[in-house]
Amino acid sequence: MPELPEVENIAQGLRHEILKCGVTRMQVIQPAIIRFPRNWRKITKRFVGDNIEQVARRAKRLIIAFTGGGAILIQLGMTGKVLVADADAPVVKHTHVRIRLSNGREVRLIDPRRFGRVWFFAHLDSVHPDAEMEAAGMGRLGPEPFDVTPKKFREILQSSRAVKTHLLDQSRIAGLGNIYADESLFAAGIHPATPAAAIPPAQADKLCRTIKSILRRAIRHGGTTLLDYRNAYGEMGRFLKMLKVYQRTGRPCHVCHTPIQRLVLGGRSSHYCPKCQPLFQKI
Ligand SMILES: [Zn+2]
């Protein structure tokens, strides 16, 4: 599933291509992907005639906001893509939503396996989310990693859970997934099974810094394409070759040559170097 850097790259591409454009048509080809509202026909008609006011990202979700106050919220699944195409370009299979624009372009949501979700909101207020927005997962999100101070981060870590599991909990800190949690823990030298509250303050500060620097680098390099991820132009991310531990089980650590190990925590795979990432146990 695309994480913060991948969704941010899609948002950047869309901002460049569609900001201020008018919506001339909105077409839902596969209604199964629409989570809200049930009567989406009415709301999609309302968006026609509006301009695109903002393209934003919150956690791993993409938000396209219109001048009339409404918005589309998109959660990309594993095989989901949001592409900008010429309106008369051939429509590929598994295109579920098309938003035609006044500049002759079109935003297309494509998702072969349909793990993605789309919500249409007549009014989007992410500061005071209503029940539907809560249901869309917008009411339980922790702060964005770039907004977290070292002090706040030490507070977030006050938990006996494994730090890896804790970092994936979107209600604590929003936007991290398996790839960047593993990479950040490696860069900070912390074993993924370490109870979050047992991390010494100096290492906690280092983890706070490495999360931000790794996310920034990943954004700069277009995110990570393991298989399906593409940006708004259909291009692959270039961060895969920079991964130090994620999905490198058995291969030598770039620092000490010890084989990278894999461990299942909270039902998710964690990849780590047993030598470079000591387990802190005392709380
Ligand atoms: Zn190592």
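Between which two strands does the loop that holds A59 lie? In this predicted model, A59 lies in the loop between β3 (52-58) and β4 (61-66), and the legends below begin with the whole chain before turning to this loop and to other close-up views.

**Figure 1. Overall view of the predicted protein chain, with its seven helices and eleven strands.** The C-alpha trace spans about 60 × 35 × 30 Å along its principal axes. A compact globule of 283 residues would have a radius of gyration near 19 Å, and the 20 Å found for the protein chain therefore agrees with that expectation. Of the 283 residues, 54% count as buried, and among the contacts with a separation of 6 or more, 64% are accounted for by residues 24 or more positions apart. The chain exposes about 13100 Å², of which carbon and sulfur atoms supply 51%. The chain carries 45 positive and 23 negative charges, and the mean positions of these two sets are 5 Å apart.

**Figure 2. Close-up of A59 in the loop between β3 and β4.** The phi of A59 is near 55°, a positive value in a residue other than glycine. Most residues other than glycine have a negative phi, and most peptide bonds are trans. With a relative accessibility of 0%, A59 counts as buried, because the cut-off for that class is under 20%.

**Figure 3. Close-up of helix α1 (residues 4-18) and of K20, which comes just after the helix.** At 1.5 Å a residue, the 15 residues of α1 should span 21 Å, and the end C-alpha atoms are indeed 21 Å apart, so the two values agree. The helix is mostly covered, with twelve of its 15 residues buried; these include L4, P5, E6 and V7 towards the start of the list, and L14, E17 and I18 towards its end. An α-helix has 3.6 residues a turn, so residues three or four places apart point the same way. Beyond the helix, K20 is placed in the loop between α1 and β1 (23-28), where its phi is near 75°, again a positive value in a residue other than glycine. K20 counts as exposed because its relative accessibility is 68%, which is over the 50% cut-off.

**Figure 4. Close-up of the cis peptide bond from F36 to P37.** The omega of this bond is near -10°. P37 has its place in the loop between β2 (34-36) and α2 (40-47).

**Figure 5. Close-up of helix α6 (residues 178-188) and the elements that cover it.** Ten of the eleven residues of α6 are buried, and the helix is accordingly described as mostly covered. The buried residues include the charged-type side chains D182 and E183, together with N178, I179, Y180, L185 and F186. The cover over the buried residues of α6 includes α1, α5 (163-168), α7 and β11 (268-272). After the helix comes G189, whose phi is positive, near 70°.

**Figure 6. Close-up of helix α7 and of A218, which is found within residues 201-220 of that helix.** At 1.5 Å a residue, the 20 residues of α7 should span 28 Å, and the end C-alpha atoms are 29 Å apart, which agrees. Among the buried residues of α7 are A204, L207, C208, I211, I214, L215 and I219, as well as K212, and their cover includes α1, α4 (150-156), α5 and α6. A218 counts as buried because its relative accessibility is 0%. Leaving aside neighbours within four places in sequence, A218 is in contact with P5, N9, Y180, G223 and F239; of these, P5 and N9 are buried residues of α1, while Y180 is a buried residue of α6. The C-alpha atoms of A218 and T194, which are 24 residues apart along the chain, are separated by 25 Å. The helix is followed by G222, whose phi is positive, near 80°.

**Figure 7. Close-up of E235 in the loop between α7 and β10 (261-265).** E235 is partly exposed, with a relative accessible area of 44%. Not counting residues up to four places away in sequence, E235 touches Y229 and R230. The C-alpha atoms of E235 and V118, 117 residues apart along the chain, are separated by 22 Å.

Conventions
Residues numbered from 1 in each chain as written. Heavy atoms only, no water. Helix = DSSP H or I, 4+ residues; strand = E, 2+ residues; numbered from the N terminus. Rg over C-alpha atoms; globule rule 2.2 N^0.38 Å. Buried < 20%, exposed > 50% of the residue type's maximum accessible area, 1.4 Å probe, protein only. Contact = heavy atoms within 4.5 Å. Areas by Shrake-Rupley, 256 points an atom, 1.4 Å probe, with all protein chains shown as cover. Charge placed at Lys NZ, Arg CZ, Asp CG, Glu CD. Expected span 1.5 Å × (residues − 1).
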